[in-house]
There are 2 protein chains.
Amino acid sequence: MMAQFKPYKSKRSFEEISNEIKTHIFQGLLKPGDKLPPETEIAHQFNVSRQTIREAMRILEQCGFITIQQGVNGGPLIVDTILNRLGKLFIDIFHFKKISPNELTEARFDIEKVMLHHVIDRADDSDLEGLTKNVRRAKEKIKNNKSPFGENIAFHKLLAGASKNYVYVIVIEAIMAVVSDFHSKLEKVNFERSRKITKYHEDILEAIIERNLERSVSLFEKLLVEVRAVMLGQ
Amino acid sequence: MMAQFKPYKSKRSFEEISNEIKTHIFQGLLKPGDKLPPETEIAHQFNVSRQTIREAMRILEQCGFITIQQGVNGGPLIVDTILNRLGKLFIDIFHFKKISPNELTEARFDIEKVMLHHVIDRADDSDLEGLTKNVRRAKEKIKNNKSPFGENIAFHKLLAGASKNYVYVIVIEAIMAVVSDFHSKLEKVNFERSRKITKYHEDILEAIIERNLERSVSLFEKLLVEVRAVMLGQ
DNA sequence: TCACATTTGTCCGTATGTATC
DNA sequence: AGATACATACGGACAAATGTG
């Protein structure tokens with residue numbers, strides 16, 4: 001049987017238009033910070049109706065390439081919130097597929113532990129400084145009896161950056177979005193556990209500064225125990 | 001300074017409507033295979049205009065929750081193409097962030113190697129059967145002088161399934177989408193390398209059946225060399 | 001503070017294309 | 001082949017938001 005050539009699906013103008021604009025972004029002709037003309041103007045340029053443009057905007061918005069503001073000087077603005085969108089999609093997937101906290105935690109730490117190899121090899125002074133500041137801020141929050149949750153999440157994103165492999169940045173960003181979403185639905189957050197987690201972060205950072213892979217991985221194992229408990233609401 | 005409370009952004013009806021429908025899907029009130037009423041009917045039910053519904057549909061489409069068909073008995077259909085959408089978004093990210101094939105390959109094999117631990121532990125007969133069939137199909141294609149590329153990609157997705165951790169399924173699905181996209185833009189595919197890759201897959205499968213972690217990981221290292229070469233267009 | 005201009009958000013009516021029966 | 005049902009697309013209108021003078 002011959003290959004079936006599908007009609008490339010897109011007979012839909014709004015799809016072609018959103019793809020066109022995407023291409024412009026990929027080629028750097030449109031950069032974050034640039035403004036698109038108002039809907040009516042875009043519609044005029046593409047010679048389509050405003051409705052068609054609006055549907056194209058919905059797609060670009062959903063991809064994280066534009067935000068839209070009303071009013072004078074408003075209109076579509078090119079932005080880079082694509083990792084944000086990825087996080088949202090991950091959250092959707094986890095809801096839809098009903099993935100357990102245990103699965104998430106297992107895979108997360110698996111991945112972070114192999115990532116740690118690269119961090120130990122490649123973290124530079126700027127990375128270490130960022131991590132140090134992160135831990136300091138977390139400890140201050142604890143002193144003030146506030147939850148260091150935001151900082152604890154950020155710690156792992158900073159680690160991903162220090163791996164110098166952007167794929168890890170993407171994957172960890174997505175996973176951490178799910179972790180955050182999960183936590184936001186927990187009734188109580190055990191403060192003592194949060195304190196312990198920050199303490200482990202401090203120790204892990206120390207091990208990284210010493211370029212001590214073995215110790216950092218072993219500390220990660222201990223961290224895993226705490227995080228797993230938190231994820232189970234204990 | 002007091003905390004700034006943003007107006008939760010969504011005063012936009014199409015957003016609220018798409019969220020409403022999403023919630024129905026998450027709660028299982030709408031399942032893949034179910035059909036939504038036509039636009040006019042949905043518009044009537046929500047008491048909004050058709051344009052508003054159309055924009056909500058664009059969002060749901062982009063999330064991978066619905067497809068839309070024209071014609072009699074057409075309309076919005078609940079589907080589960082969310083992993084597909086994730087792959088597309090990953091491809092966008094890789095284009096946008098201009099991530100190198102080397103980064104992708106490094107992280108990919110890091111992750112697959114730790115995943116392999118779980119595969120060795122947890123793969124059941126059905127998994128092994130699926131993998132066996134996959135390798136058989138790939139070898140047949142090679143015999144017929146066809147590229148086994150599709151099967152080679154599928155091999156890794158099957159491995160992810162055999163890890164019994166759905167997080168790996170998601171991550172590998174996303175990564176493989178990027179790999180496929182990358183390959184589709186390569187001019188020539190070195191047939192000899194494809195043959196070697198399939199051969200390694202066969203050996204890896206054998207090692208998994210023997211529950212031989214060490215051997216399977218070491219074979220993965222060799223596979224990495226071949227894949228890296230392909231990714232560099234060599 | 002108060003208009004005013006700009007731009008998105010939303011509505012209605014209508015016409016056209018497309019797939020199914 | 002023709003009728004039906006649905007999405008796609010157009011044009012015009014008004015409301016709501018937002019920055020400017």
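**Exercise 1. Sort the residues of the surface near DNA strand C into nonpolar, polar and charged, then work out which of them come nearest.**

Start with the classes: in this predicted model, the surface near DNA strand C divides into seven nonpolar, twelve polar and eight charged residues.

Next, pick out the front row. Of the 27 residues around DNA strand C, the ones that come nearest are Arg50(A), Arg12(B), Ser13(B), Ser49(B) and Thr52(B).

Now ask which part of the strand faces the protein. Among the atoms of DNA strand C within 4 Å of the protein, 71% are sugar or phosphate atoms, and the rest belong to bases.

Then go contact by contact:

- Arg50(A) has a polar side-chain atom 2.7 Å from a base nitrogen of DNA strand C.
- Arg12(B) goes for the phosphate: one of its polar side-chain atoms lies 2.5 Å from a phosphate oxygen of DNA strand C.
- Ser49(B) uses its backbone, with an N or O atom 2.7 Å from a phosphate oxygen of DNA strand C.

Last step, the elements. At least two residues each come from H3, strand S1 (66-69) and strand S2 (75-78) of chain A, and from helix H1 (13-26) and H3 of chain B.

**Exercise 2. Do the same job for DNA strand D: find the nearest residues, the contacts and the elements behind them.**

Twenty-seven is the count again: of the 27 residues around DNA strand D, Arg12(A), Ser13(A), Thr52(A), Gln70(A) and Arg50(B) come nearest.

The class split reads seven nonpolar, twelve polar and eight charged. As for the DNA side, 75% of the atoms of DNA strand D within 4 Å of the protein belong to sugar or phosphate, and the rest to bases.

Look at Arg50 in each chain. The side chain of Arg50(A) has an N or O atom 3.3 Å from a base nitrogen of DNA strand D. For Arg50(B), the partner is a base oxygen of DNA strand D, at 3.3 Å from a side-chain N or O atom. A phosphate oxygen is reached too: a polar side-chain atom of Arg54(B) lies 3.0 Å from one on DNA strand D.

Two or more residues of this surface come from each of these elements: helix H1 (13-26) and helix H3 (50-63) of chain A, plus helix H3 (50-63), strand S1 (66-69) and strand S2 (75-78) of chain B.

**Exercise 3. Work out what rotation and shift superpose chain B on chain A, and what relation that is.**

Take the numbers first: a rotation of 180° with 0.0 Å of shift along its axis does it, at an RMSD of 0.1 Å. The relation is therefore that of a two-fold axis. Then check the contact residues: 100% of those in chain B recur in chain A, so the same surface serves both copies.

**Exercise 4. Decide whether His201(B), Glu112(B) and Asp127(B) are buried or exposed, and list what each one touches.**

You'll need one cut-off here: buried means under 20% relative accessible area. In the contact lists, residues up to four places away in sequence are left out.

*His201(B).* Place this residue in helix H9 (residues 191-209) of chain B. Its relative accessible area is 1%, so His201(B) is buried. Its contacts are Val135(B), Asn152(B), Phe155(B), His156(B) and Leu223(B). With Asn152(B) there is also a side-chain polar contact of 3.5 Å.

*Glu112(B).* Helix H5 (residues 101-122) of chain B holds this one. At 0% relative accessible area, Glu112(B) is buried. Glu112(B) touches His156(B), Ile172(B), Met176(B) and Phe220(B).

*Asp127(B).* You'll find Asp127(B) in helix H6 (residues 125-143) of chain B. With 14% relative accessibility, Asp127(B) counts as buried. Its contacts are Arg122(B), Ala162(B) and Lys164(B). For a sense of place, Asp127(B) is 47 Å from Arg50(B), C-alpha to C-alpha, and 77 residues away in sequence.

**Exercise 5. Find where in chain A the pLDDT is below 50.**

Begin with the whole chain: chain A has a mean pLDDT of 94, and 96% of its residues reach 70 or more. The stretch you want is residues 1-7, where pLDDT is below 50 and there are zero contacts in the model beyond near neighbours in sequence. Where pLDDT is low, the predicted coordinates should not be read in detail.

How values were computed:
Residues are numbered from 1 along each chain as its sequence is written. Chains are lettered from A and ligands numbered from 1 in the order in which they are written. This is a predicted model: local features need pLDDT of at least 70, side-chain atom pairs count only at pLDDT 80 or more; totals for chains, interfaces and linings use all residues. Side-chain values use heavy atoms; hydrogens and water are left out. A residue is near a molecule or strand if one of its heavy atoms lies within 4 Å of it. A polar contact is a pair of N or O atoms within 3.5 Å; within protein, one must be able to donate a hydrogen and the other to accept it, and residues adjacent in sequence count only if both atoms are side-chain atoms. Helices (H or I, at least four residues) and strands (E, at least two) are DSSP runs, numbered from the N terminus. Ala, Val, Leu, Ile, Met, Phe, Trp, Tyr, Cys and Pro count as nonpolar, Asp, Glu, Lys and Arg as charged, and the others, Gly among them, as polar. Buried means under 20% relative accessible area, exposed over 50%, partly exposed in between (1.4 Å probe, protein chains only). Contact means heavy atoms within 4.5 Å. pLDDT is the predictor's confidence in each residue, from 0 to 100. Copies are superposed by least squares on the C-alpha atoms of residues with pLDDT of at least 70 in both.
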